[in-house]
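Student: Got a minute to go through this one with me? Let's put it on screen.

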Amino acid sequence: MHAFDWLGEWAVKGENDPLASFWMPFTANRAFKANPRQLVSASGMHYQSGDGRQILDGTSGLWCSNAGHCRPEITEAIAKAAATLDFAPTFQLGHPLPFELAQRIAALMPEGLDRIFFTNSGSESVDTALKIALNIQRAKGQGTRTRLIGRERGYHGTGFGGISVGGLVNNRRAFGGGLPGVDHIRHTHDIERNAFTRGFPQHGAELADDLQRLVDLHGADTIAAVIVEPMAGSTGVLIPPTGYLQRLREICDRHGIILIFDEVITAFGRVGGATAAGQWGVTPDIITMAKGLTNAAVPMGAVAVKRELHDAVIDSVPGGIELFHGYTYSGHPLASAAGLATLDLYARDGLFDRATELGTYWEDAAHSLKGARHVIDIRTIGLVAGIELEPRPGAPTARAMELFHACFDNGLLVRATGDIIALSPPLIVEKAQIDEMFGKVGELLGRID
Ligand SMILES: Cc1ncc(COP(=O)(O)O)c(C=O)c1O
């Protein structure tokens, strides 16, 4: 099959370069279009490629299809919603589905985070959370608190707020450097002390004290919020050291700083339980989510806020609109229907328990690659694994990208980020598929330079 056959009639109408118009996100466009890799359908644990091959999904798409692909329970709910109420505004009007979904999400959040704002993506959830945090401080008479704190190697999407608190220079420097008044604490990645840890690394809780350093530097009365991913996924599976998140919580409490957990990846079963916060016993003030919320079948994000902080904003305005923020598609009927069906599926099939049930098997399979060529660290938690490779001299990231391509060509989807290969399969993964994933990665590692 020709790589463009999936384009059907359009491709044979004489268009020279049928791939030219789509400016692809976070992609080396020229390289991709010279050698395109297409996915044309999906079911359960597999994608089908444009050239007719089955590809085992080792990454839940982009950390998002947690229940596996094209689940009929979800696609049918979307179809029904589309035929019943294709769209209805949620500005000064309502329709039933987002109210129901908000209640259902609230019930899954850690105690107290039961007020839910809807967005359409992780990036929008992050920018919404940052705006809500600023608004809360203002409502509490703390209007001087405008500084936002992120963390090195954090990824919080691509909105201006997200790139500013994010810790990735490439995502920021071409765009004016991001918002002013932002600072960052240090990341927690420390291979020298923590290489090949299973679960939480032992060393590094003290890195949370970096927040205290920024308080001392800027003054607590200038700091509105700090945002971290409980586990950084996109920048290579950076698992929080034992005690680190607790320590961040304590410093925030001491200084009136709002703690935001960006759980766009970790929510909905990835590390076991509905959230990492709940699973790991540290309660932030705000949680951002997206991805697994709808199993990625329709874009949707959400922000959960502690009730008393929500109430502070609502009560600070005597009448009229309390929060000047929202999206045309906040609480969209199709997304809400997908969310409800997804949460039903997670509950019915016990998918939030899978990371715990399979945890040891997963860990053992991943760590069986210790000693494989190029591998300098393996990190695992829940149903996530990061395999860090020695960078090729003079060509950082090239080795992981080559492995990603080799895996795809051999029927496995992994994610390459920097010199790290990340795996995060749908939670329906079976043991034999776990063996297949790590078996293939191990074999292909032996074949690349
Ligand atoms: C922690 C985190 N926050 C935010 C985002 C951005 O989400 P989206 O791509 O849906 O805007 C991501 C995406 O991977 C993420 O991992």
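Tutor: Sure, one term up front: a residue is buried if 20 or more other C-beta atoms lie within 10 Å of its own, exposed if 12 or fewer, and partly exposed in between, with C-beta atoms placed from the backbone. Keep in mind that this is a predicted model, where local features need pLDDT of at least 70, side-chain atom pairs count only at pLDDT 80 or more, and totals for chains, interfaces and linings use all residues. Residues are numbered from 1 along each chain as its sequence is written.

Student: OK, which residues of H4 are exposed?

Tutor: Pro72, Glu76 and Ala83. Helices here are DSSP runs of H or I with at least four residues, and strands are E runs of at least two, numbered from the N terminus.

Student: And which ones are buried?

Tutor: Ile74, Ala77 and Ala81 are the buried residues of H4. Seen down the helix axis, they fall within an arc of 65° (taken from the directions from the axis to the C-beta atoms), so they line one face of H4.

Student: What covers them?

Tutor: Helix H13 (333–348) is included in the cover, where contact means C-beta atoms, placed from the backbone, within 7 Å.

Student: Switching topic: how many residues surround the ligand?

Tutor: 14, with Ser121, Gly122, Ser123, Gly157 and Val264 the closest. Here, near means a C-beta atom, placed from the backbone, within 6 Å.

Student: Which helix gives the largest share of that shell?

Tutor: H6 (residues 122–139), with 3 residues.

Methods:
Two residues are in contact if their C-beta atoms, placed from the backbone, lie within 7 Å.
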